[in-house]
Amino acid sequence: MSIYEEVEFEDLDYDPVTQTYTYPCPCGDKFSITLDALWDGEDIATCPSCTLRIEIIYDEEDLPPLREDDDDEEDESGGAEEEEEEEEQGEHKKQDDKGEEKKEEDDHNNIASVLQKSLTVK
């Protein structure tokens, strides 16, 4: 099949969520190619609505890195749970720090009170 157009990589639109590059097709739809496909050396983007194809002109060094384990939902939810746990631990640490400050303040007040009493007794 023939190539409708050669398109520079920089002219493509990128969706980081789906890791897909797109480019407007004259039929009204969009040519698309995944980042994974580009990393695999593919350079032809197809349009799902017509038979047109474009060739992507790029160097691998211009490609962003692939995300790891995108298909593993457990890792994604585990990551969110880990972030929540870290936030909770941070909150507990702040509360513990405040508790320590309060305890130190109470200790200082108790020491001052004992010293005052011992000075007034003499």
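Start with the whole protein chain in cartoon: from the N terminus on, its elements run β-β-β-β-α-β-β-α. That makes two helices and six strands, where helices (H or I, at least four residues) and strands (E, at least two) are DSSP runs numbered from the N terminus. What you have open is a predicted model, in which local features need pLDDT of at least 70 and side-chain atom pairs count only at pLDDT 80 or more, while totals for chains, interfaces and linings use all residues. Residues are numbered from 1 along each chain as its sequence is written, and side-chain values use heavy atoms, with hydrogens and water left out.

Now colour by accessibility. Buried residues make up 17% of the 122 residues in the protein chain. Here buried means under 20% relative accessible area, exposed over 50%, and partly exposed in between (1.4 Å probe, protein chains only). The areas come from the Shrake-Rupley method.

**Rings**

Next, show the aromatic side chains. A search of the whole structure finds four aromatic pairs. Rings of Phe, Tyr and Trp (its six-membered ring) pair if their centres lie within 6.5 Å; planes under 30 degrees apart count as stacked, over 60 as edge-to-face and the rest as tilted.

Select Y4 and F31. Their ring centres are 6.4 Å apart and their planes sit at 20 degrees, so this pair is stacked. It ties together distant parts of the chain, 27 residues apart: Y4 is in the segment before β1 (5-8), and F31 is in strand β4 (residues 30-34). Y4 is partly exposed because its relative accessibility is 42%, whereas F31, at 0%, counts as buried.

Move on to F9 and Y21, a tilted pair with 5.0 Å centre to centre and 50 degrees between the planes. This one also links distant parts of the chain, 12 residues apart: F9 is in the loop between β1 and β2 (13-15), Y21 in strand β3 (residues 20-24). Buried or exposed, F9 and Y21? Both are buried. Add Y14 and Y58 to the selection, and you have a cluster of F9, Y14, Y21 and Y58 linked by ring pairs.

**Loops and a strand**

Click on Q19, in the loop between β2 and β3. Its phi is near 55 degrees, a positive value in a residue other than glycine. Most residues other than glycine have a negative phi. At 9% relative accessibility, Q19 counts as buried.

Then pick P64, in the loop between β6 (53-57) and α2 (73-121). With 25% relative accessibility, P64 counts as partly exposed. Draw a distance from its C-alpha to that of P16: the two are 48 residues apart along the chain and separated by 9.8 Å.

Step back to I56 in strand β6, which counts as buried at 2% relative accessibility. I56 and L38 are 18 residues apart in sequence, and their C-alpha atoms are 8.9 Å apart in space.

**The charged surface**

Last stop: switch on a surface and select E6, E8, E10, D11, D36, D40, E42, D59, E60, E61 and D62, which gather in a patch of negative charge. Patches are made of residues with over 30% relative accessible area and no salt bridge, with like charges joined within 9 Å. A salt bridge is a side-chain nitrogen of Lys or Arg within 4 Å of a carboxyl oxygen of Asp or Glu. Asp and Glu count as negative, with the charge placed at CG of Asp or CD of Glu. One member to zoom in on is D36, in helix α1 (residues 35-39); D36 counts as partly exposed, at 41% relative accessibility.

Definitions and conventions:
Patches are made of residues with over 30% relative accessible area and no salt bridge: like charges are joined within 9 Å, nonpolar side chains (Val, Leu, Ile, Met, Phe, Trp, Tyr) within 5 Å. Accessible areas come from the Shrake-Rupley method with a 1.4 Å probe; for residues, only the protein chains shown count as cover.
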